[in-house]
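Dear colleague,

Please find the structure we spoke about just below, with the sequence alongside. My notes on what was found in it follow, arranged by topic so that you can read them with the model open.

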Amino acid sequence: MKNRLRVLRAEREWSQADLAQRLEVSRQSVNAIETGKFDPSLPLAFKLARLFETTIEAIFMDEGQGPS
Amino acid sequence: MFCSIKSPALRRYLIRVSIMTALCFLISVVAALVFQFFLPHDPHGALAYLAAVLPALPVIGALVYTGVYLAEEKDEFQRYLLVQSLLGGTGGILAVLTAWGNMEDIANAPHLDLIYVYPLFWVFAGISYHLVKTRYR
């Protein structure tokens, strides 16, 4: 699933490892989500949204509807 | 030794498996000595069944620990990778055993002892893990 994780991360000058540490997951997990190869579960998507102080829809794009 | 591993669940899994491996080694040495010096060299009946079943116990233990690790691992991507690997291992060993069984029946291939099934399962799971992981690089 396409997402804005890389942009949001860059805005905060976080590396993938920084984000992984904050989410309590591995760096490979962040990379897989960021590149759209792995879709996170709803709890992890909410955790991302809380961390970036935004909504899930603002991070992940519903490919059926295009970016919100 | 395990301090560099970031996942607490993986660290616990490796510690459990290491302790179990050491215990199995110790128990197998003691069992070998008992069989060598105190029991008949050609066990039969219940004793033979017991001797045959004993090596399966650490296999069951290792599989249970793998299940516990899957339940404890909070990183869903790592869980996904492991589940895919275990499916690959299961598929690989089923395919090989089916083919080998047919080769034994039809082409008189040498007999494959079932004791090799478990290590072969992990060989296939390991190969599968690396194949799955390359998809996410």
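**The nonpolar cores**

The largest nonpolar core has 12 residues, namely Leu5(A), Leu19(A), Ala20(A), Val25(A), Val30(A), Ala32(A), Ile33(A), Leu48(A), Ile59(A), Phe60(A), Phe77(B) and Leu81(B). At least two residues of this core are supplied by each of three helices, which are H2 (16–23) and H3 (27–34) of chain A and H4 (76–107) of chain B. The largest share, 3 residues, comes from H3(A). As background, nonpolar side chains in soluble globular proteins tend to be buried together. Please bear in mind throughout that this is a predicted model.

One member of the core, Ala32(A), is worth a look on screen: leaving out residues up to four places away in sequence, Ala32(A) touches Lys37(A) and Phe38(A) in chain A, and Phe77(B) and Tyr136(B) in chain B. Apart from the largest core lies another one, of 5 residues, among them Leu86(B), Ile93(B), Phe124(B) and Ala125(B).

**Where the chains meet**

The contact between the chains takes 10 residues from chain A and 8 residues from chain B. Sorted by class, the side of chain B that touches chain A is made up of 4 charged, 2 polar and 2 nonpolar residues.

**Chain A**

Chain A has 5 helices and 0 strands, and along the sequence its pattern reads α-α-α-α-α. Its radius of gyration is 11 Å, close to the 11 Å that the globule rule gives for 68 residues, so chain A is as compact as a globular protein of that length. Along the principal axes, the C-alpha trace of chain A spans about 30 × 20 × 20 Å. Of the 68 residues in chain A, 21% are buried, and among the contacts in this chain between residues at least 6 apart in sequence, 49% join residues at least 24 apart.

Three individual residues of chain A can be described in more detail. Leu51(A) is found in helix H4 (residues 42–51) of chain A, and, when its neighbours within four places in sequence are left aside, Leu51(A) is in contact with Arg22(A) and Leu23(A). Leu51(A) and Trp14(A) are 37 residues apart in sequence, and their C-alpha atoms are 12 Å apart in space. Leu51(A) counts as partly exposed because 15 other C-beta atoms lie within 10 Å, a number between the limits of 12 or fewer for exposed and 20 or more for buried.

The other two are glutamates with positive phi values. Glu24(A), in the loop between H2 and H3 of chain A, has phi near 60 degrees, a positive value in a residue other than glycine. Glu24(A) is partly exposed, with 14 other C-beta atoms within 10 Å. Glu53(A) lies in the loop between H4 and helix H5 (56–59) of chain A, and its phi, near 50 degrees, is likewise positive in a residue other than glycine. Glu53(A) is exposed, with 8 other C-beta atoms within 10 Å.

**Chain B**

Chain B also has 5 helices and 0 strands, and read along the sequence it follows the pattern α-α-α-α-α. The domain assignment of chain B gives domain 1 (1–57 + 68–73) and domain 2 (75–137), and the C-alpha centres of these two domains of chain B lie 22 Å apart. The radius of gyration of chain B is 19 Å, whereas a compact globule of 137 residues would have one near 14 Å. The C-alpha trace of chain B spans about 55 × 45 × 20 Å along its principal axes.

Buried residues make up 10% of the 137 residues in chain B. Among the contacts in chain B between residues at least 6 apart in sequence, 74% join residues at least 24 apart.

**Confidence of the prediction**

For chain B the mean pLDDT is 88, and 98% of its residues reach 70 or more. Among the elements of chain B, the lowest mean pLDDT (83) belongs to helix H2 (residues 46–53) and the highest (95) to H4(B). The model scores ipTM 0.84 and pTM 0.80.

With best regards

Terms used
Residues numbered from 1 in each chain as written. Chains lettered and ligands numbered in written order. Predicted model: local features only at pLDDT ≥ 70, side-chain atom pairs only at ≥ 80, totals over all residues. Core = buried A, V, L, I, M, F, W, Y, C linked by C-beta atoms within 7 Å. Helix = DSSP H or I, 4+ residues; strand = E, 2+ residues; numbered from the N terminus. Contact = placed C-beta atoms within 7 Å. Nonpolar A, V, L, I, M, F, W, Y, C, P; charged D, E, K, R; others polar. Domains from an automatic or database assignment. Rg over C-alpha atoms; globule rule 2.2 N^0.38 Å. pLDDT = per-residue confidence, 0-100.
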